Amino acid sequence: MDFQNRVGSKPGSGGVASESQANIDRRERLRKLALETVDLSKDPYILKNHLGTFECKLCLTLHSNEGNYLAHTQGKRHQTNLARRAAKDAAEASANVPAPAKPEVVRIRTIKIGLPGYKVTKQRDPDTGARMLLFQIFYPDIAEGYQPRHRFMSAFEQRVEVADKNFQYLLFACEPYETIAFKVPNLEVDKGEGKFFTNWDKLGKSFTLHVTFVPQPTPVQ
């Protein structure tokens with residue numbers, strides 16, 4: 001094609017290139033520059049098929065040459081897919097990280113020396129008629145650094161007797177003595193001031209627990 005007689009062309013030149021030809025030339029120069037700076041052999045997503053064209057395994061797109069593939073890698077679609085793949089890989093890596101091992105709790109086993117001595121006193125509140133129990137548990141040979149503990153246990157937690165919903169159990173434990181339990185009424189415990197309290201006498205080696213039950217309404221005749 002003769003470009004010599006185009007407007008703006010100089011004598012002896014090929015004439016003024018059209019816009020499309022300028023774009024083709026620009027893309028070609030960019031392709032050569034990119035090929036000089038980018039090593040496609042390290043790109044895990046480029047694949048050259050048997051037809052001589054190039055495929056992007058990440059986006060599943062087909063490209064006629066390496067330059068076209070490089071232009072694709074700078075586009076929004078490829079960059080978005082790269083971000084998604086990075087997030088997925090990070091999530092899988094965090095899921096495969098083994099959980100830190102829980103510290104092993106070493107239980108100190110002591111030789112039991114039998115049951116402690118105890119005394120139970122039944123009382124009634126003179127004002128309300130509420131039922132009260134006073135427990136005194138004696139631990140003369142208590143282990144160094146230990147203090148007696150207690151807790152209420154439902155009748156359905158134990159396996160010694162047939163469960164009876166009308167009763168609950170009050171447990172006392174302290175090393176090196178055996179744990180003892182008392183069968184008490186399954187009534188609500190009054191936690192008001194002066195109604196429920198404990199005391200550990202370090203000198204006398206005795207543990208005291210005072211329990212007051214909430215008064216029950218008198219049945220209507």
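**Strand 7 and the second largest pocket**

Six bridges join strand 6 (residues 149–154) to strand 7, and the two strands run antiparallel. The model is predicted. Across this pairing, histidine 150 faces phenylalanine 172 of strand 7.

Strand 7 also pairs with strand 8. This pairing is again antiparallel and spans six bridges. Glutamine 168 has valine 184, in strand 8, as its bridge partner. Strands 7 and 8 form a hairpin, with six residues between them.

Burial was examined next for strand 7. The strand covers residues 167–173, and five of its seven residues are buried. Buried here denotes under 20% relative accessible area. Strand 7 is therefore largely enclosed by the rest of the structure.

Strand 8, the hairpin partner of strand 7, also contributes to a pocket. The second largest pocket holds about 220 Å³ of space. Its lining comprises 13 residues. Closest to the pocket centre are Lys122, Arg131, Met132, Leu133 and Pro185.

Three strands each supply at least two residues of this lining: strand 4 (117–124), strand 5 (131–138) and strand 8 (180–185). By residue class, the lining of the second largest pocket contains eight nonpolar residues, four charged residues and one polar residue.

Strand 8 thus appears in both parts of this description. Strand 8 pairs with strand 7 over six bridges, and strand 8 supplies at least two residues to the lining of the second largest pocket.

Methods. Residues are numbered from 1 along each chain as its sequence is written. This is a predicted model: local features need pLDDT of at least 70, side-chain atom pairs count only at pLDDT 80 or more; totals for chains, interfaces and linings use all residues. Side-chain values use heavy atoms; hydrogens and water are left out. On a 1 Å grid over the protein atoms alone, a cavity is a set of points where a 1.4 Å probe fits but cannot get out, and a pocket is an open set with protein on both sides within 12 Å along at least five of seven lines; lining residues have an atom within 4 Å of a point. Grid points are joined across faces, edges and corners, and a volume is the space filled by probe spheres set on the points. Helices (H or I, at least four residues) and strands (E, at least two) are DSSP runs, numbered from the N terminus. Ala, Val, Leu, Ile, Met, Phe, Trp, Tyr, Cys and Pro count as nonpolar, Asp, Glu, Lys and Arg as charged, and the others, Gly among them, as polar. Buried means under 20% relative accessible area, exposed over 50%, partly exposed in between (1.4 Å probe, protein chains only). Two strands pair if DSSP finds at least two bridges between them.
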